[in-house]
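Here are my notes on this one, written to be read with the model open beside you. I've kept to a few spots that seemed worth a look.

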Amino acid sequence: MTIQLEACAFTYGRRKPPVLRALTYAVPDGFTVLLGPNGAGKSTLLKLAAGVNDPTAGSVRLGHLSSRSREYRQRVAWMPQSITAMTGLTAREQVAYTGWLKGMNRSEAWTAAAEALARVELSDRTDVKTKHLSGGQLRRVGVASALVHDAAVLLLDEPTAGMDPTQRRVFRDLIVGLATTDVRVLMSTHDVGDLAEEADHVTVLTNGRIRFTGATGDFLAHAPAGTPEARRAEAAYTAIDAHPSTAAHSS
Ligand SMILES: Nc1ncnc2c1ncn2[C@@H]1O[C@H](COP(=O)(O)OP(=O)(O)OP(=O)(O)O)[C@@H](O)[C@H]1O
C-alpha cells in the first residue's frame, strides 16, 4: 500500500503563487530519493504526504485512508527538516512522546523509544536532554522519532544534513535496511552523488513538477556517455534538470 497524491495543488497563502499544481504522484516501493533544487517544493510535497498540510485541491490517500484521518497519520511517519529540542525532555522521552502521539501506550512507547535510539546509534545519549545534543545528534533523534512506531511509509526531509561522514554511512545502511516490501521510504536530499546510487528509485521535482520518477538505473542512464562512475548521479541530475521535456519518465 502506498501514498497516492492525486491532482494536488498547494499554496502557502491566497496571495502567494502555488507551490504545487495538479501534482499526481505515488510514493514508489523500497527506498526513493527525492531530488530537486532549493524551493522546488520537496518539503511541501513531503508535508502533504505526511498529512501535516492539506492540499488546497486534490487528495492524498494511503489505500482507502484519507490524509485527514487519524489512522492515516498512524501509518505514516514524517521527519521534518528542522528538529526541535523539546524543553526539558531527554532523547528517550522526546522519542517516546512521538510514539505516544502516534497512538502507542506509554510503556510501548518507552520501550520502542530505546530501540529506535539504538538503531540510530544513540543508546549512549538516551538520558541526555535533547537541548544539550549536537545538531547531528538531534537529527538522529528526529530519525528515531520517525522509526518509533510501525509506519508503512517513512517521509524524511533532508535527514542527513549536518551529519558527519561516519554518521551518514550508519544512516545510509539503516535506511537501505529499513526499506522492505512493507515499508517505503521517501527521503529528500541535496546530496545527489552520495545517496542516489543506493536508492531503488529516484524522483526529481523542479518548480513544483515531477520531472522524473523511475528506477535508479533509468535515472543514471541520463548521464552522458563516458561520465566517470563516481559522477554519474550528479551528471544524470544535471541532464534531467536541463532537458525536462525529454527526461520525464513515469514508473
Ligand atoms: N511556510 C511557508 N510560507 C510561505 N512560503 C513557503 C513556506 N514554506 C515554503 N514556502 C515556499 O514554497 C516554495 C517551496 O518550498 P519548499 O520548502 O517546499 O522547497 P524545497 O524543495 O524543500 O526547498 P529546499 O531544498 O530549499 O529545502 C518556496 O518558494 C518557499 O519559499
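1. First, a word on what I'm counting around the ligand: a residue is near a molecule if its C-beta atom, placed from the backbone, lies within 6 Å of it. Keep in mind too that this is a predicted model.

2. With that cut-off, which residues sit around the ligand? You'll find Tyr-12 and Val-19, then Gly-36, and then Asn-38, Gly-39, Ala-40, Gly-41, Lys-42, Ser-43 and Thr-44. Sorted by class, that shell has six polar residues, three nonpolar and one charged.

3. Now over to helix α3, which covers residues 91-101. Its buried residues are Ala-91, Arg-92, Gln-94, Val-95, Ala-96, Thr-98 and Gly-99. What covers them includes two other helices, α4 (106-119) and α5. After α3 comes Gly-103, and its phi is positive, near 110°.

4. A general reminder before the packing: two packed helices are described by the angle between their axes and the distance between the axes.

5. Take α3 against α4. The angle is about 125° and the axes are 8 Å apart. Why call this pair oblique? Angles over 145 degrees would count as roughly antiparallel and 65 to 115 as roughly perpendicular, and the rest, outside the roughly parallel range under 35, are oblique; α3 and α4 are therefore oblique to each other. Their crossing is right-handed.

6. On the α3 side of that contact are Ala-91, Arg-92, Val-95, Ala-96, Gly-99 and Trp-100. They meet a run of α4 residues including Arg-106, Glu-108, Trp-110 and Leu-117, with several alanines among them, such as Ala-109 and Ala-113. By class, the contact of α3 with α4 has 11 nonpolar residues, three charged and one polar.

7. Then α3 against α5 (residues 135-147): here the helices pack at about 35°, again with their axes 8 Å apart. This crossing is right-handed as well. From α3, the contact uses Ala-91, Gln-94, Val-95 and Thr-98; from α5, Val-141, Ala-144 and Ser-145. That makes four nonpolar and three polar residues, with no charged ones.

8. Last, have a look at Gly-217, which lies in helix α8 (residues 216-220). Is Gly-217 buried or exposed? It has 11 C-beta neighbours inside 10 Å, so Gly-217 counts as exposed. Its C-alpha atom is 8.3 Å from that of His-201, and the two residues are 16 apart along the chain.

Note on methods. Residues numbered from 1 in each chain as written. Predicted model: local features only at pLDDT ≥ 70, side-chain atom pairs only at ≥ 80, totals over all residues. Axes fitted to C-alpha atoms, helices over the stretch in contact; angles between N-to-C directions. Helix = DSSP H or I, 4+ residues; strand = E, 2+ residues; numbered from the N terminus. Left-handed = near helix turned anticlockwise from the far one by under 90°. Contact = placed C-beta atoms within 7 Å. Nonpolar A, V, L, I, M, F, W, Y, C, P; charged D, E, K, R; others polar. Buried ≥ 20, exposed ≤ 12 C-beta atoms within 10 Å, placed from the backbone.
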